[in-house]
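Here are a few short exercises to try with the model open beside you. Have a go at each task before reading its solution.

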Amino acid sequence: EKFKSLSLAVQYMCSVRQDQVEQESEQKKIRQAVNRAVKRLEKRLQNIEQDIAQATDYEQHKKTAELLQINFDKITRGVNEIVVDDVFSDSHDTVTIKLDPALTPAENIEAYVRRYRKGREGLSLLKRRLEISRQELETLQQIEHELQENFEAARQQYETELASLLPQETVREEIPVRLPFRRYTLSSGLTILVGRDGSDNDRTTFEFAKPYELWFHTQQCPGSHVVMKYPTKTFQPSPQEIAETAAVAAWFSKARNDSLVPVIYTKRKYVRKPRKAKPGLVTVER
């Protein structure tokens with residue numbers, strides 16, 4: 001290109017290079033955010049798998065706690081293990097029980113009791129968490145792959161997902177940028193979004209919810225729009241997850257203190273915003 005002066009040419013060159021640096025920095029920031037999220041999910045999966053392995057043997061933990069209770073007087077703080085007679089077996093063989101030397105005898109027994117309760121009550125829940133986490137990881141890995149293949153196309157396609165992964169920027173280094181929703185986690189590990197007020201409800205529903213995701217609201221009562229985020233497009237929510245999300249919708253409504261609160265839910269694609277409707281007001285087709 002031709003310029004009227006050398007200084008204008010240099011200014012143009014510096015501007016182009018600055019744009020390239022900023023673009024590369026933005027891409028690096030997004031890729032790093034996705035990579036961090038993938039690593040967090042991989043770590044979560046490892047922890048859940050460990051919990052499932054422990055929960056599967058929950059009856060053994062109950063037996064161990066009872067053996068420790070029988071031999072309570074033989075346990076001293078600071079030991080790593082104890083050998084006791086297995087009174088529950090016909091042969092009365094000895095069994096070695098691992099202990100935490102930092103805990104008291106009573107605390108060691110309680111630790112095994114907690115493992116038993118966790119296994120008994122949470123095995124099915126842990127398996128559901130594992131299933132959801134695997135689907136979330138699959139989605140993130142797909143995003144990561146598409147960012148490598150075509151960054152700009154992937155950034156546009158996954159704009160809302162990337163916005164939730166990026167660290168929240170600040171204005172004047174003091175006031176964090178405000179998202180229109182609160183984020184909560186169900187017992188199965190599923191994420192739900194709860195709109196903050198009228199205009200925030202609209203943004204939560206129409207900007208951050210996918211058409212196939214479930215949308216909840218109290219029936220004929222002011223309240224927050226609640227969106228159940230799916231780890232994958234083919235995800236099927238369980239009745240328990242639907243019930244928990246409905247309970248959250250009831251809590252964040254004017255009917256919070258009522259004994260019974262009717263809640264409707266539907267796919268987000270069936271929620272419409274009437275023309276000139278006030279903030280937060282929507283209609284539901286199905």
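**Exercise 1.** Work out what share of the contacts with a separation of 6 or more joins residues 24 or more positions apart.

*Solution.* Keep only the contacts in the protein chain with a separation of 6 or more; residues 24 or more positions apart then make up 56% of them. Bear in mind that this is a predicted model.

**Exercise 2.** Count the helices and strands, then decide how the protein chain compares with a compact globule.

*Solution.* Start with the count: seven helices and eleven strands. Next, take the radius of gyration, 27 Å, and set it against the 19 Å that the globule rule gives for 286 residues; the value is well over the rule, so the chain is more spread out than a compact globule. Now look at the box: along the principal axes, the C-alpha atoms fill roughly 95 × 60 × 35 Å. Finally, check burial: 37% of the 286 residues count as buried.

**Exercise 3.** Compare the span of helix α1 with its expected length, then find what its buried residues pack against.

*Solution.* Helix α1 covers residues 6–56, which is 51 residues. From first C-alpha to last, α1 reaches 75 Å, close to the 75 Å expected at 1.5 Å a residue. Then pick out the residues of α1 under 20% relative accessible area: among them are Gln27, Ile30, Val34, Leu41, Leu45 and Ile52. Last, trace the partners: the buried residues of α1 pack against α2 (58–70), α3 (105–149), α4 (151–157) and α5 (159–165).

**Exercise 4.** Describe the exposed area and the charges of the protein chain.

*Solution.* About 18,300 Å² is exposed, with carbon and sulfur atoms supplying 49% of it. For the charges, take the mean position of the 46 positive ones and that of the 42 negative ones; the two lie 7 Å apart.

Technical notes. Residues numbered from 1 in each chain as written. Predicted model: local features only at pLDDT ≥ 70, side-chain atom pairs only at ≥ 80, totals over all residues. Heavy atoms only, no water. Helix = DSSP H or I, 4+ residues; strand = E, 2+ residues; numbered from the N terminus. Rg over C-alpha atoms; globule rule 2.2 N^0.38 Å. Buried < 20%, exposed > 50% of the residue type's maximum accessible area, 1.4 Å probe, protein only. Contact = heavy atoms within 4.5 Å. Areas by Shrake-Rupley, 256 points an atom, 1.4 Å probe, with all protein chains shown as cover. Lys, Arg positive; Asp, Glu negative; His and termini not counted. Charge placed at Lys NZ, Arg CZ, Asp CG, Glu CD. Expected span 1.5 Å × (residues − 1).
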